[in-house]
Amino acid sequence: TTEIYTLSLHDARPISRYLHPVGSIAGARMPTVSIGDGTSTFGDYNGTDETPFNSAVTFLNTQGGGTLLVKAGTYVIANQVSITTAITIVGEGKDVTIIQNNVVGMAAIKLVLAAATDTNKMVLSELQMTVGTGYEYILELSAVTVHMTNIYLNGGSIIVSGGSGIQSRIVADSCRFEPGGTELNVIQASAGEVLFRSSFHNCDFIASSLGCFEIDINSVSFTQTQFNCVRVGTVLGNSENLSFQDCQITCSLQVLATSSAVTTTNFSMQDCDITVTAAGADTLDFNGNAANILIKNNKIDTTWGGTTTGSPGLVISFAANTDVIEISGNDITINTGQVVDGIGFEGAASTHYNVNIRGNTFTRFYRGVRVLTTGISRSFTVADNYFDGGSEAVEQHGIYIADGDFEGTIRGN
């Protein structure tokens with residue numbers, strides 16, 4: 001008896017495979033395509049430049065989205081890849097899947113959607129994005145929500161584009177951001193864009209030349225995240241709901257900078273360990289109006305760039321109107337021999353309402369708390385603080401008030 005077997009070669013189109021979790025709605029509906037370098041790894045599309053990316057994205061656009069699996073390899077992008085459909089880009093690990101930008105003046109990959117929403121989002125995970133010599137930007141975001149997991153952004157920055165007021169959202173977990181060059185922040189606005197409803201958990205920000213962000217802020221949180229930078233951030237426009245929780249922060253200049261035209265509301269910094277190594281500016285610098293500020297249970301160790309004479313610097317500075325300020329339970333230490341004040345409320349004719357400075361420890365200060373304004377202060381409490389001026393301070397005041405109209409409570413210090 002002769003048995004005849006028939007081998008059928010089916011069309012292995014990408015739509016027949018799925019990378020999403022078994023049983024998930026996305027896995028049942030969305031296709032997966034793959035990219036290999038064509039030498040050691042192979043996929044539906046192969047090559048080491050932008051060509052396989054464009055082919056894969058074109059296919060996923062026709063399917064209304066899906067997943068792009070980028071296999072191990074180094075892919076050098078010389079012409080920007082623009083993605084306008086909500087897709088997931090997954091590598092095989094940030095040490096083996098590397099996308100390098102060689103696009104002059106632009107990011108390698110641009111993610112752009114009509115609006116940044118929870119349902120209309122893009123996902124990046126398990127890959128490294130880097131830049132070639134002389135190139136700056138790695139990723140461009142425009143009106144998009146992007147979720148990042150285990151991403152290494154190496155040598156370049158994220159540029160947020162779209163125009164003034166356009167919002168983009170980043171949700172990052174276990175990512176490392178390390179821009180290079182002398183003029184790069186990790187996250188940089190192009191022209192007045194807003195980073196909104198964003199969160200960074202268990203991430204590393206390393207920015208030896210500038211800061212971690214320079215952009216307008218609306219509802220952004222950092223939790224269990226490490227910073228090693230010149231400055232954590234510069235807020236260009238009004239800031240709402242910016243928070244730091246349980247972070248490790250090391251800066252060579254300052255933590256936060258705002259301009260006199262910026263209003264800061266609902267700012268929170270709690271349970272952080274902060275070291276400023278060679279500051280030439282106030283550590284937390286609220287130059288504009290500030291309201292609903294909570295700075296609690298932090299350890300702040302500042303070496304200010306001043307000398308033992310001259311105008312004192314500040315660790316926490318409020319230079320305009322304030323309302324509802326709580327600074328409590330902090331351990332604030334200033335390096336010996338520096339003319340630095342702990343907390344300052346200033347500004348000609350500025351008003352300060354509902355201020356509570358309680359249970360802090362100030363070590364080696366010039367003046368622990370200073371209120372220096374010709375304006376009005378009401379419901380201003382300085383209570384239960386410990387002041388240790390140290391032996392090297394030129395002048396030592398625990399509390400220094402030179403206010404035109406001050407009403408408050410000072411007790412238990």
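Which residues does Ser 198 touch, not counting residues up to four places away in sequence? Keep that question in mind while we get our bearings. The model you are looking at is predicted, and its residues are numbered from 1 along the chain.

Let's begin with the chain as a whole. Its secondary structure comes to two helices and 33 strands. Of its 413 residues, 50% count as buried. Look next at the contacts between residues at least 6 apart in sequence: 68% of them join residues at least 24 apart.

Now back to the opening question. Ser 198 is found in strand β16, and its contacts, leaving out residues up to four places away in sequence, are Ser 168, Arg 169, Ile 170, Ser 219, Val 220 and Ser 221. With a relative accessible area of 4%, Ser 198 is buried, because the cut-off for that word is under 20%. The side chain of Ser 198 also has a polar partner, as it reaches the backbone nitrogen of Ile 170 at 2.9 Å.

Gln 254 makes a good companion to that serine. You will find Gln 254 in strand β19, which covers residues 248–258. Gln 254 is buried, at a relative accessible area of 3%. A polar atom of the Gln 254 side chain lies 2.7 Å from the backbone oxygen of Asp 282. Asp 282 also appears among the contacts of Gln 254 beyond four places in sequence, together with Val 230, Arg 231, Val 232, Val 276, Ala 281, Thr 283 and Asp 285.

For a buried residue with a hydrocarbon side chain, turn to strand β23, residues 290–296, where Ile 295 lies. Ile 295 has a relative accessible area of 0% and is buried. Once neighbours within four places in sequence are set aside, its contacts include Phe 267, Met 269, Leu 284, Phe 286 and Ile 316. Ile 327 is another of the residues in contact with Ile 295; the two are 32 residues apart in sequence, while their C-alpha atoms are 4.8 Å apart in space.

Strand β23 also holds Asn 292. Here the backbone deserves a look: Asn 292 is not a glycine, although its phi is positive, at about 55°. At 38% relative accessibility, Asn 292 counts as partly exposed. Asp 384 is another residue other than glycine with a positive phi, near 60°. The place to look for Asp 384 is the loop between β31 (367–383) and β32 (386–388). Asp 384 is partly exposed, with a relative accessible area of 38%.

Next comes helix α2. How far apart are its end C-alpha atoms? They are 19 Å apart, which agrees with the 18 Å that 13 residues should span at 1.5 Å a residue. The buried residues of α2 are worth picking out: Pro 52, Phe 53, Ala 56, Val 57, Phe 59 and Leu 60 are buried. Seen down the axis of the helix, the buried residues of α2 fall within an arc of 160°, so they line one face. After α2 comes Gly 64, with a positive phi near 80°.

Phe 53 of that helix leads us to the aromatic rings. The structure holds 19 aromatic pairs. In one of them, the rings of Phe 53 and Tyr 75 have centres 5.5 Å apart and planes at 85°, so this pair is edge-to-face. The pair links distant parts of the chain, with Phe 53 in helix α2 (residues 51–63) and Tyr 75 in strand β4 (residues 73–77), 22 residues apart. Phe 53 and Tyr 75 are both buried.

Phe 177 and Phe 200 form another edge-to-face pair, with 6.1 Å from centre to centre and 75° between the planes. This pair, too, links distant parts of the chain: Phe 177 belongs to strand β14 (residues 176–179) and Phe 200 to strand β16 (residues 194–201), 23 residues apart. Both of these phenylalanines, Phe 177 and Phe 200, are buried. Strand β16 is also where Ser 198 is found.

One last ring to visit is that of Tyr 400. The charged end of Arg 367 sits over this ring, 4.4 Å from its centre.

Notes
Predicted model: local features only at pLDDT ≥ 70, side-chain atom pairs only at ≥ 80, totals over all residues. Heavy atoms only, no water. Helix = DSSP H or I, 4+ residues; strand = E, 2+ residues; numbered from the N terminus. Buried < 20%, exposed > 50% of the residue type's maximum accessible area, 1.4 Å probe, protein only. Contact = heavy atoms within 4.5 Å. Phe/Tyr/Trp six-rings, centres within 6.5 Å; stacked < 30°, edge-to-face > 60°. Lys NZ or Arg CZ within 6 Å of the ring centre and 35° of its normal. Expected span 1.5 Å × (residues − 1). Arc of directions from axis to C-beta. Polar contact = N/O pair within 3.5 Å; in protein donor to acceptor, adjacent residues only side chain to side chain.
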